[in-house]
Amino acid sequence: MGHRIIALFCWAYAAWTLLTWTRTAEQLIFGAGVAVVVAVALAPLGAVAGPWQLLTPRRLAAIATLLVLTSYRIAAANLRLSRLIWDPRLRERLRTGMVVVPTTQTSAGGLTAVGLITSVIVDNQLVDLDPSQGELQYHAVEVPGGGPDQVREKVIGPVERLLAAFTGRR
């Protein structure tokens, strides 16, 4: 139970710090108090992965790669979208629509990560997911060409591969 409280405290305090984005002594002390209350209240609910588990070399490498890949995809998607907006010829040929993509993720955390990370990239926005069928539905700014495997590879393939490396599941 003690490890749960410590892990929950770390996560709650990190969330507090990120959400308030303030580093005054009063804010940090108050945040620590809130984090203690949250940790004690949530500890009886079950096991918690400690933030120190992110510090393994394999996970650190996967996180760094995921950040770089996502940043690159965000920048590239924003440039493509800017070009579509500013070039009327491209806008006329734009094919927006809905895309259903099969996923290899089965856990709630994996589905959430894939959905959130891929929705940060402006090309595709997660609309719905069907965990029982293992499918995610996206609104696509430009519907990718090809069959289901090609569409999956373009929309979520790289993110899923990095998540598999992060979790150690293939």
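**Exercise 1.** In this predicted model, decide whether Arg-152 is buried or exposed.

*Solution.* Start with the relative accessibility of Arg-152, which is 17%. The cut-off for buried is under 20% relative accessible area, so Arg-152 counts as buried. Next, place the residue: Arg-152 belongs to helix α6. Finally, look at its surroundings. Beyond the neighbours within four places in sequence, Arg-152 touches Val-101, Pro-102, Thr-104, Gly-157 and Glu-160.

**Exercise 2.** Work out which strands stand at the edges of the sheet.

*Solution.* First write down the strand order of this open, three-stranded sheet, β1-β3-β2, where the pairing is antiparallel. Then count partners: β1 (97-102) and β2 (124-130) each have a single partner strand, so both stand at the edges, and one side of each lacks a neighbour in the sheet. From one strand to the next, the twist averages 25°.

Now take a closer look at one pair. Six bridges join β2 to β3 (residues 135-140) in the antiparallel sense. Within β3, Ala-140 is the bridge partner of Asn-124.

**Exercise 3.** Find which strands helix α6 lies across, and at what angle it runs to β1.

*Solution.* Pick out helix α6, residues 148-155. Follow it over the sheet: the helix lies across β1, β2 and β3. Its angle to β1 is about 95°.

**Exercise 4.** Classify Ala-25 by its relative accessible area, then say how far it is from Leu-94 in space.

*Solution.* Ala-25 sits in helix α2, residues 25-42. With a relative accessible area of 48%, Ala-25 is partly exposed. As for distance, Ala-25 and Leu-94 lie 69 residues apart in sequence and 52 Å apart in space, C-alpha to C-alpha.

Notes:
Residues are numbered from 1 along each chain as its sequence is written. This is a predicted model: local features need pLDDT of at least 70, side-chain atom pairs count only at pLDDT 80 or more; totals for chains, interfaces and linings use all residues. Side-chain values use heavy atoms; hydrogens and water are left out. Two strands pair if DSSP finds at least two bridges between them. Helices (H or I, at least four residues) and strands (E, at least two) are DSSP runs, numbered from the N terminus. Axes are lines fitted to C-alpha atoms, for helices over the stretch in contact, and angles run from 0 to 180 degrees between N-to-C directions. Contact means heavy atoms within 4.5 Å. Buried means under 20% relative accessible area, exposed over 50%, partly exposed in between (1.4 Å probe, protein chains only).
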